[in-house]
Amino acid sequence: MYEQSPPIDAQLVAGDQLIPVDTRLTSRYSLMVRFLNGNGFKDGAEFTDLLIRNQGKEIGLGPCRLICEPNIDGYAGRIVFLKEVYDLKRLVEENKVVRLQSSFLNVPLVLAHKKRVKREFKNYTSDLTYDLNVYKSLFDKLDEEYAEEAQSIRDSIQMAIINTEGVRFHRFLDDRLAELERMVKGFNRAEHESHGFYFRRQLWEIILTAPFMRRTNLKPRGYAGDSEMMSMIYENGYRGKSTFAKLMHKHPVGHPGAQAVRNRRKVIREMIRGVGDQRNPSGADPLKILSVACGPACEVQDIVQTAQDPGKYDFTLLDQDRNALQEAANGIDRVQRRLDGQVKVKYLNESVRTMLKTPNLPGKWGRFDFVYSMGLFDYLTPPVAAGVLGKLLKLLRPGGELVIGNFHVSNVSRYYMEYWLDWVLYYRTESDLKELLRGAPGDDVSVFFDETGVQMFLHVKRHESH
Ligand SMILES: C[S@@+](CC[C@H](N)C(=O)[O-])C[C@H]1O[C@@H](n2cnc3c(N)ncnc32)[C@H](O)[C@@H]1O
């Protein structure tokens, strides 16, 4: 990427001397330099400043040093900076001055943050950090004991540890979570935020060991609940580099909140297969199905099981994240290869926010027999959720069905998700969910739950006469 970057006009400053140079990006934080007018400098030569001209502006990047490298194409070596370290890529491409150390500007604020945290909570977090580090060192020590064994032996020893000490460790985590819930359940939103922030700073190293916790916290695609996180939940297995990491990964993906996600996949499969059998028993007229915020759409793989199934369904999968659609497509591709048949599926890379602004959606996408959305409404405020719901209702054919999922306020994994995973949802009660319909006349409306009681479903059946 950097070899392609164009030369940048610049001048090095040494005392009162200005030395014209050509520079080029060689990495995000260093520049290649070519001295003009026959100038030459030794390895380690220091300069008081580097002035670069970028998009018409002159910027001084401060004291720097030359690191000589084999002379290729007239370039003497690299310039590295001695005080301020700038993100040169963003400087050149976006004309933005971003310092590597800029996050330190907030240090006083972040340090002061702890003053807002209750003493009891600090004690809890400190004890928990101590205890987890004790467990970690014990599990790590065991890992070292059998590190020289063959892989298959290591795997079975690790499973034996997971099934004994690992089970006791998970019970310890359950107890600490119950304590956390007792302490924070009366907090208001601002208190949850400040205590959650403090909690994660304290437990950061532990959080980073577990692949699932790491991902929900770092949010590499910018949001919690991306298709990779969904896959980890569906897998519900042990991932991580050590026994401790594996146990820390498994605990949240085995919790009721994650179980509810697995359950809803089954619920949707059963409903769609049921509607298919009822409305389209011969399979002559494929059932039109729309999944909104489909993610990896794993349930489609569960629905299309036999060689007859591809002909029975016609899927439209919508998601704002292209990666999620790609993962959905990969899964469906595997089904097609297994069944040696073509699944009818259309992918829409769109946001529901765009959908809100589109006047005639049925004209654009047609109407559907079954519309569902899981794991989306938990992120939408009431006005947006009501707007989206109104749009989705218009997409139903007469007799068509709509199912919307939303986590219930009583989610027993709520504080686990908020404090450990930095995964905050818009929780609703049954009536909150129904109110989003704003009356929607002429339809049968019900609310039901999965087995955990965490996942709530709003079910609307459009009357045949509509
Ligand atoms: C928690 S996942 C649920 C995925 C899937 N429905 C499932 O249950 O496995 C949430 C999905 O919503 C998508 N999403 C979030 N906001 C969206 C929006 N405004 N429009 C469309 N998709 C959205 C995300 O890209 C992500 O794939």
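**Domain contacts and nonpolar cores**

In this predicted model, the centres of domain 2 and domain 3, taken over C-alpha atoms, are separated by 31 Å. These two domains span residues 109–254 and 258–462, respectively, while domain 1 covers residues 8–98.

It is worth looking at where domains 2 and 3 meet. Here, 25 residues of domain 2 are in contact with 19 residues of domain 3. On the domain 2 side, at least two residues each are supplied by helix H4 (151–184), helix H5 (189–202), helix H7 (211–218), helix H8 (227–235) and helix H9 (243–253). Of these, H8 provides the largest share, with five residues. Sorted by class, the side of domain 2 that touches domain 3 comprises 12 nonpolar, nine polar and four charged residues.

The interior can be considered next. The largest nonpolar core contains 82 residues, and those with the most contacts inside it are Ile289, Val292, Leu317 and Val371. Helix H10 (residues 256–279) contributes the largest share of this core, namely six residues. Because both domain 2 (109–254) and domain 3 (258–462) give residues to this core, it lies between them.

Leu317 offers a helpful entry point for readers exploring the structure. Leaving aside residues up to four places away in sequence, Leu317 touches Ser291, Cys294 and Ala297, as well as Leu325, Ala328, Val345, Tyr347 and Leu348. A second core, separate from the 82-residue one, has 19 residues, among them Leu12, Val21, Ile52 and Ala76.

How values were computed: Residues are numbered from 1 along each chain as its sequence is written. This is a predicted model: local features need pLDDT of at least 70, side-chain atom pairs count only at pLDDT 80 or more; totals for chains, interfaces and linings use all residues. A nonpolar core is a set of buried Ala, Val, Leu, Ile, Met, Phe, Trp, Tyr and Cys residues joined through C-beta atoms within 7 Å. A residue is buried if 20 or more other C-beta atoms lie within 10 Å of its own, exposed if 12 or fewer, and partly exposed in between; C-beta atoms are placed from the backbone. Helices (H or I, at least four residues) and strands (E, at least two) are DSSP runs, numbered from the N terminus. Domain bounds come from an automatic or database domain assignment. Two residues are in contact if their C-beta atoms, placed from the backbone, lie within 7 Å. Ala, Val, Leu, Ile, Met, Phe, Trp, Tyr, Cys and Pro count as nonpolar, Asp, Glu, Lys and Arg as charged, and the others, Gly among them, as polar.
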